[in-house]
Amino acid sequence: MLNEGMKPEYLLRAFDLNYEFGWQSVLEKALSGEGSVRDMGARWTEMHDQLPEGGQVIRFIDTHDVANESYDNRLETRLGTKGVEAALVVNFTLDGMPFVYNGYEVCDTAKHNIFANRFHGRNFIDWSGALTEKGQQRMELLCLLNELKHDQIALQEGDTAWLTTTQPDRLAAFTRTAGGERIAVLVNTADAPLAAQVELPGFAEEVACELLEYGTA
């Protein structure tokens, strides 16, 4: 059961998952350059410390409340293909449940309107994106991320630890650990190439990496 709210105590009663509007905001701002990865880490810590044991949130970049003609353009337009894919990688590999809003699997850029049934607005997806190279690559990426989420126990139940890097504003770096399995995730949130040093406890003392714009590893 998904609660379209954020009160942690609701997870002790009837719901399995909460919304996390604050996470969507800091993630979008980090990828657009209006914020930073530091804000992402701070928001994650704030919410994580409030959740009851076993409590989870959904990780999204868009919902029917945001993909609205009254609000900003779809993130597919604002951030571009690589920016959205960087966000998807973060949301699928971080703790919580990834949430993909209709149309992102084909790189849809059409604005939606949740009031379309009353005011004759637009509320349908442009599925022609599935016929484009970008749309097909996006579907392949989401299939891969889904497989990883299902196959890797660390991505399902693992503890999350944010890593120290020499690019703390632009490089999102964290590990997921469960039992003897540990996965490191590195995501460049900048629309420019990035070089950084990353401390990876349990892997090596330090790793040097070079990531392309909105790159992942």
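## Elements and model

Helices (H or I, at least four residues) and strands (E, at least two) are DSSP runs, and they are numbered from the N terminus. The labels below, such as H4 or E6, follow that scheme. The model described here is predicted.

## The three-stranded sheet

One open sheet holds three strands. Their order is E5-E6-E7, and the pairing is antiparallel. E5 and E7 stand at the edges with a single partner strand each, so one side of each has no neighbour in the sheet. From one strand to the next, the twist averages 20°.

E6 (171-178) pairs with E5 (159-162). Four bridges join E5 to E6, and the two run antiparallel. One of the contacts there puts Asp159 opposite its bridge partner Thr177 in E6. How much of E6 is buried? Seven of its eight residues are, so the strand is mostly covered, given that buried means under 20% relative accessible area.

## The E6-E7 hairpin

E6 and E7 pair over eight bridges, again in the antiparallel sense. Two of the pairs can be named. Phe174 stands opposite Val185 in E7. Ala178 has Glu181 of E7 as its bridge partner.

The two strands form a hairpin with two residues between them. Gly179 sits in the turn and has a positive phi of about 60°.

## The parallel sheet

A second open sheet is built from four strands. Here the order is E1-E2-E3-E4, and the pairing is parallel. E1 (2-3) and E4 are the edge strands, and each pairs on one side only.

E1 and E2 (residues 17-18) are joined by two bridges and run parallel. Leu2 has Leu17 in E2 as its bridge partner.

## Nonpolar cores

In soluble globular proteins, nonpolar side chains tend to be buried together. The largest nonpolar core in this model has 33 residues. Which members touch the most others? They are Trp23, Leu27, Met40, Ile61, Val84 and Val187.

Several elements each supply at least two residues of this core. The helices are H1 (21-32), H2 (37-50), H4 (80-93), H6 (133-151) and H7 (153-157). The strands are E6 and E7 (181-188). H4 gives the most, with seven residues. A second, separate core has eight residues, among them Leu171, Ala173, Leu186 and Ala196.

## The largest pocket

The largest pocket holds about 490 Å³ of space. Its lining counts 25 residues. Which of them lie nearest its centre? Gln56, Asp95, Gly96, Gln156 and Arg176 do.

Six elements are worth tracing around the pocket. H2, H6 and H7 each supply at least two residues of the lining. E3 (56-59), E4 (97-98) and E5 do so too. By class, the lining divides into eight nonpolar, 10 polar and seven charged residues.

## The cavity

How many cavities of 30 Å³ or more does a search of the whole structure find? It finds one. The largest cavity holds about 40 Å³ of space.

Its lining is made of Arg59, Ile61, Leu88, Asn91, Phe92, Phe99, Val100, Tyr101 and Tyr104. By class these are seven nonpolar, one polar and one charged. H4 gives the most to this lining, with three residues. Ile61 was also named above, among the core residues that touch the most other members.

## The loop between E4 and H5

Two residues stand out in the loop between E4 and H5 (116-119). Asn102 has its place in this loop. Is Asn102 buried, partly exposed or exposed? Its relative accessible area is 45%, so it counts as partly exposed, the class between 20% and 50%. The C-alpha atoms of Asn102 and Phe124 are separated by 9.2 Å, while the two residues are 22 apart along the chain.

Cys107 lies in the same loop, between E4 and H5. Cys107 counts as buried because its relative accessibility is 10%, and the cut-off is under 20%. Most residues other than glycine have a negative phi. Cys107 is not a glycine, yet its phi is positive, at about 60°.

Key: Residues numbered from 1 in each chain as written. Predicted model: local features only at pLDDT ≥ 70, side-chain atom pairs only at ≥ 80, totals over all residues. Heavy atoms only, no water. Core = buried A, V, L, I, M, F, W, Y, C linked by side-chain atoms within 4.5 Å. Buried < 20%, exposed > 50% of the residue type's maximum accessible area, 1.4 Å probe, protein only. 1 Å grid on protein atoms, 1.4 Å probe; cavity = no way out; pocket = protein on both sides within 12 Å on 5 of 7 lines; lining within 4 Å. Points joined across faces, edges and corners; volume = space filled by probe spheres on them. Nonpolar A, V, L, I, M, F, W, Y, C, P; charged D, E, K, R; others polar. Pairing = 2+ DSSP bridges. Axes fitted to C-alpha atoms, helices over the stretch in contact; angles between N-to-C directions.
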